[in-house]
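Please find below a short note on the model under review. The points are numbered for ease of reply.

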Amino acid sequence: MSQAELRILLIEDEPHIRRFVRSTLEAQQWTVYEADCGQRGLVEAGSRQPDLLIVDLGLPDMDGVALIRDFRHWSQAPVLVLSARSDEADKIAALDAGADDYLTKPFGVGELLARVRALSRRHARQLEASPLLSFGEVSVDLARREVRRGGVEVALTPMEYKLLCALLRDAGKALTHRMLMQAVWGPGHTDDSHYLRIYMSRLRQKLEQDPAQPVHFITLSGVGYRFQF
């Protein structure tokens, strides 16, 4: 992700602030999506897959802290809070929920742009530093989005690759059906767990030595799945 290609989702219920922030960001040639409430924001985040989220805490239908916590279940994209709440407790709550930075209203254009650039640089460095992961005969190069088995490249569909990355990111952890559905398909598909079973079966067929007795893609009966190296 380069700064010239940033896709930003702005979740803000005050129209005049939304217009101001959007015009400021678009002046940098960044793509901006927007939502005026928390539930709409989560749907947009799931469908747009933004590089960065800007969110107000005082949303009409839900608290911004709850939105950030939900977003963090399935995305590691940077989150910048814009809020009139200046109390230390509010800042701590937002940061503990998963926000990366906090900017108090009113704010200057220069500071807003500097915070966005800093967050995008930090996130880009984290992505570039992604290691080459391996398990069994499989190697995964996250930077190149390349998967090989026994040295031969394996063709994964975009959804198969997203599911693989979600499992690798939290290797060793028990991941519920809901968490994985949010991570791969977004918040609007959390009850469609049959998709998950289908794609997990495909990953096992392509990457497990014995798909009938998987040793990496483990089913947790009644709960979800766990990936183990």
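**Comments on the predicted model**

1. Helices α6 and α7 are oblique to each other. This follows because an angle counts as oblique when it falls outside the parallel, antiparallel and perpendicular ranges, the antiparallel range being over 145 degrees and the perpendicular one 65 to 115. The angle here is about 130°, and the two axes lie 9 Å apart. Helix α6 covers residues 158-169, and helix α7 covers residues 177-185. The crossing of α6 past α7 is right-handed. The model is a predicted one, and this applies to every point in the note.

2. Strand β6 (residues 132-135) presents two faces: L133 and F135 are on the covered face, whereas L132 and S134 are on the uncovered face. Its partner is β7 (residues 138-141), which runs antiparallel to β6 and is joined to it by 4 bridges. Within this pairing, F135 is placed opposite V138 of β7.

3. The connection between β6 and β7 is a hairpin with 2 residues between the strands. One residue of the turn, G136, adopts a positive phi of about 55°.

4. How many aromatic pairs does a search of the whole structure find? The search returns 5. One of the aromatic pairs is formed by F20 and F107, with ring centres 6.2 Å apart and planes at 40°, a tilted arrangement. This pair links distant parts of the chain, as its members are 87 residues apart. F20 belongs to helix α1 (residues 15-26), while F107 lies in the loop between β5 (101-104) and α5 (109-128). F20 is partly exposed because its relative accessible area is 36%, and F107 is classed as buried because its value is 16%.

5. F227 and F229 form an edge-to-face aromatic pair, at 5.0 Å centre to centre and with 90° between the planes. Is each of these rings buried or exposed? F227 is buried, since its relative accessible area is 1%. F229, by contrast, counts as exposed because its relative accessibility is 52%.

6. F227 and F229 also belong to a cluster linked by ring pairs, together with F135 and F217. F135 therefore appears twice in this note: in the ring cluster, and on the covered face of β6.

7. A further contact with an aromatic ring concerns R202 and Y199. R202 is positioned over the face of Y199, at a distance of 4.7 Å from the ring centre.

Key:
Residues numbered from 1 in each chain as written. Predicted model: local features only at pLDDT ≥ 70, side-chain atom pairs only at ≥ 80, totals over all residues. Heavy atoms only, no water. Buried < 20%, exposed > 50% of the residue type's maximum accessible area, 1.4 Å probe, protein only. Pairing = 2+ DSSP bridges. Phe/Tyr/Trp six-rings, centres within 6.5 Å; stacked < 30°, edge-to-face > 60°. Lys NZ or Arg CZ within 6 Å of the ring centre and 35° of its normal. Axes fitted to C-alpha atoms, helices over the stretch in contact; angles between N-to-C directions. Parallel < 35°, antiparallel > 145°, perpendicular 65-115°, else oblique. Left-handed = near helix turned anticlockwise from the far one by under 90°.
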